Protein chains: 2
Amino acid sequence: MEQLILLSESEARLRIGRLQALMRRDGMDSILVSDNANLLALCGRVYSGYAWIPAEGDPVWFVRRPVELEGENVVYVHKPENIPTYLTEASIPTGHTIGLEYDVTAYSTTVRLMGLFTDAKTVNASGILREWRSVKTPEQVELMRQSGVKHAEVYKRVPGLFRIGMTDHELQVEIERLSRLEGCLGVFRISGPSMELFMGNVISGQNADNPTPYDFAMGGAGLDPSLPVGANGEEILEHTAVMVDLNGNFTGYMTDMTRVFSFGELPALALEAHQCSIDICHAFMKEARPGVEAKDLYAMAETMVRDSSLERYFMGHRQHAGFVGHGIGIEVNELPVIAPRSRNILNEGNTIALEPKFVIPKVGAVGVENTYLITSGGAECLTVCSEEIISLV
Amino acid sequence: MEQLILLSESEARLRIGRLQALMRRDGMDSILVSDNANLLALCGRVYSGYAWIPAEGDPVWFVRRPVELEGENVVYVHKPENIPTYLTEASIPTGHTIGLEYDVTAYSTTVRLMGLFTDAKTVNASGILREWRSVKTPEQVELMRQSGVKHAEVYKRVPGLFRIGMTDHELQVEIERLSRLEGCLGVFRISGPSMELFMGNVISGQNADNPTPYDFAMGGAGLDPSLPVGANGEEILEHTAVMVDLNGNFTGYMTDMTRVFSFGELPALALEAHQCSIDICHAFMKEARPGVEAKDLYAMAETMVRDSSLERYFMGHRQHAGFVGHGIGIEVNELPVIAPRSRNILNEGNTIALEPKFVIPKVGAVGVENTYLITSGGAECLTVCSEEIISLV
């Protein structure tokens with residue numbers, strides 16, 4: 001037998017207490033959670049089942065699989081219909097307003113869950129859960145910090161993996177291997193069914209200008225039209241930029257980090273754009289504080305880009321991405337979003353991947369990406385590694 | 001500019017014609033598709049947007065990203081609300097019954113899409129789309145055949161990757177690397193938000209008996225509670241079975257394949273169970289024909305297991321899986337399902353992964369898995385590779 005909750009009592013109380021405070025603020029009496037990312041945030045593990053979170057009092061953990069989990073309020077169920085039966089028998093009130101994960105749970109599943117609570121009104125809890133997950137506890141930050149250290153270690157060893165004549169895909173595979181041997185879990189968690197990626201991307205030379213269907217910062221044609229993003233199997237040529245943007249999921253809490261490598265010297269325009277990206281990151285570290293509006297941080301980046309006359313290349317060339325940063329943690333697209341019309345305001349404990357990038361035709365993609373922790377004194381970098389363009393040879 | 005549809009005209013007509021025939025059978029006037037797997041099946045690529053499929057006539061391809069796709073009826077849209085506007089302007093009738101992907105699209109997105117069609121009734125198209133995708137065209141079978149050949153090539157080279165003292169995770173990483181260098185796209189597409197896996201599993205020794213939250217055939221503790229499945233980082237010990245079950249997604253159409261390797265001799269019980277698995281696969285090849293009920297194939301497997309008194313170990317030991325086979329193609333959990341209460345009936349063109357497996361405590365998991373094509377003459381194996389237990393040393 002194993003404990004279901006893998007957090008210390010104080011950490012579990014902190015996480016659930018913060019969610020309950022948001023629920024009480026919004027008048028939500030209870031939430032029924034089943035999304036893997038939300039379950040992981042609640043109890044420190046992924047399981048198949050549901051977590052019943054009341055606005056006051058103790059959660060109930062309804063488990064389908066795995067067998068043999070134990071702990072207070074751990075209840076095995078075969079199907080969701082067992083949940084209201086248990087709550088009634090245990091005299092646990094459901095309240096008037098029950099939140100469900102409307103933005104991630106499929107329509108048919110949601111309708112089935114709505115049918116469980118005929119006396120209550122169901123509402124969308126996705127917004128509250130996103131807001132809750134956007135502020136990390138110190139223990140969650142520590143897990144991201146551990147990912148960041150390993151992530152940086154892997155990137156430092158990239159030049160040792162390069163051989164002249166390699167394709168972008170071959171280099172990517174060697175980095176993947178190294179990362180996996182360092183303990184990377186591989187899985188790249190992302191919210192939304194239209195988004196998919198393997199472990200990340202190595203984008204080299206002109207391929208950086210190929211547009212993708214996905215809402216990522218950068219493109220690339222990919223190896224196959226079934227996954228049209230990233231490395232396309234072409235040889236890495238001299239005087240091109242090689243952008244490495246692989247996921248850093250070593251603990252369930254990911255860091256996002258990009259560095260640029262070059263095979264031979266790059267033209268001045270590429271160097272200038274790369275420096276502009278570094279400058280934006282450094283300005284962000286000063287300006288990104290609790291209370292600052294995310295859209296103002298986007299505007300700051302945009303102004304710096306315009307001042308350098310680099311707007312043609314910013315966040316893409318043939319196709320432009322509409323953001324420059326995003327929250328990250330269990331998933332890669334958490335809050336806040338650093339975008340022109342974002343309504344997010346920064347909070348202490350946010351963890352944000354900032355990725356001011358440029359696509360320079362014929363040269364490739366340049367710019368850095370780091371994961372930052374928002375503190376009262378500004379943004380602290382969790383992915384510490386030289387930001388300059390690193391020579392592969 | 002690039003063509004949106006990456007299929008020959010006859011192939012596109014065949015695929016869409018088959019879907020339209022099912023729609024007419026069920027009285028569904030049109031379907032609005034946005035799921036990546038369904039889009040890939042319709043046009044041979046993943047894009048961000050929607051496909052409008054009428055029960056009669058030509059589809060309309062509504063694209064958000066990537067830029068610069070072209071072709072007949074390719075229409076760029078910013079948001080789904082542009083769809084009914086376009087259809088009205090183009091005098092394309094929406095019909096009375098519009099199918100949406102209720103089983104895969106999130107509740108909030110579905111409600112938004114429902115709001116586009118106030119004059120029509122929306123219904124669940126997920127069932128029809130699953131049924132449609134369960135029967136592969138000859139070109140789709142060819143893509144699976146190509147995956148199967150590469151998949152088998154990788155497995156044949158596993159013994160060359162093993163070193164005494166390796167952990168299960170280290171061996172897995174070397175197989176992943178080899179597979180990726182052979183062109184594996186890595187991504188393991190699976191329907192359902194509670195299911196997640198990286199590239200598959202290498203399960204060695206006693207770890208095979210650790211239960212997982214996921215609805216996979218086999219378990220394993222994994223490296224981290226955020227992804228509790230598969231290799232757990234322990235050394236591969238002598239006299240244990242090493243089950244290799246990594247995805248074969250080389251073309252967007254995957255094969256699923258498992259082989260067992262051993263480091264030193266295995267006890268008689270494990271060898272017997274492995275032979276029972278091979279026998280079930282061979283019986284399946286004869287019996288799995290169009291018109292056969294999936295549940296009867298499950299019952300056949302179960303009878304063979306009971307006749308060998310192996311039911312304690314069948315499809316798990318501490319935790320048992322409730323199926324022995326599943327459809328496969330773009331996703332790993334397609335139809336038909338070979339399970340006790342399955343209502344599926346086999347069709348020519350189904351592609352099914354059959355995985356009669358056993359967990360033998362202290363020894364590990366044994367049994368094979370192959371991907372089969374259902375033909376009028378029985379099941380043809382697409383993952384051809386020796387089925388015996390292969391020595392690693």
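1. Two strands are taken to pair if DSSP finds at least two bridges between them. In this predicted model, strand 7 of chain B and strand 8 (residues 121–124) of chain B are joined by four bridges, and the two strands run parallel. Within that pairing, B:Leu100 stands opposite B:Asn124 in strand 8 of chain B. Between the two strands, the chain passes from strand 7 of chain B through helix 4 (residues 107–114) of chain B to strand 8 of chain B, in a β-α-β crossover that is right-handed.

2. Strand 7 of chain B also has a pairing with strand 2 (residues 30–33) of chain B, where two bridges join the strands and the direction is again parallel. Here B:Ile31 has B:Gly99, in strand 7 of chain B, as its bridge partner.

3. In a regular strand the side chains alternate between the two faces of the sheet. For strand 7 (residues 97–100) of chain B, both faces are covered, with B:Thr97 and B:Gly99 buried on one side and B:Ile98 and B:Leu100 buried on the other.

4. A separate point concerns B:Ser277, which lies in helix 8 (residues 268–287) of chain B. Because its relative accessible area is 0%, and buried means under 20%, B:Ser277 counts as buried. The side chain of B:Ser277 reaches the backbone nitrogen of B:Val368 at 2.9 Å. When neighbours within four places in sequence are left aside, B:Ser277 is in contact with B:Pro356, B:Phe358, B:Gly367 and B:Val368.

Note on methods:
Residues numbered from 1 in each chain as written. Chains lettered and ligands numbered in written order. Predicted model: local features only at pLDDT ≥ 70, side-chain atom pairs only at ≥ 80, totals over all residues. Heavy atoms only, no water. Buried < 20%, exposed > 50% of the residue type's maximum accessible area, 1.4 Å probe, protein only. Right-handed = clockwise from strand over helix to strand, strands pointing away. Polar contact = N/O pair within 3.5 Å; in protein donor to acceptor, adjacent residues only side chain to side chain. Contact = heavy atoms within 4.5 Å.
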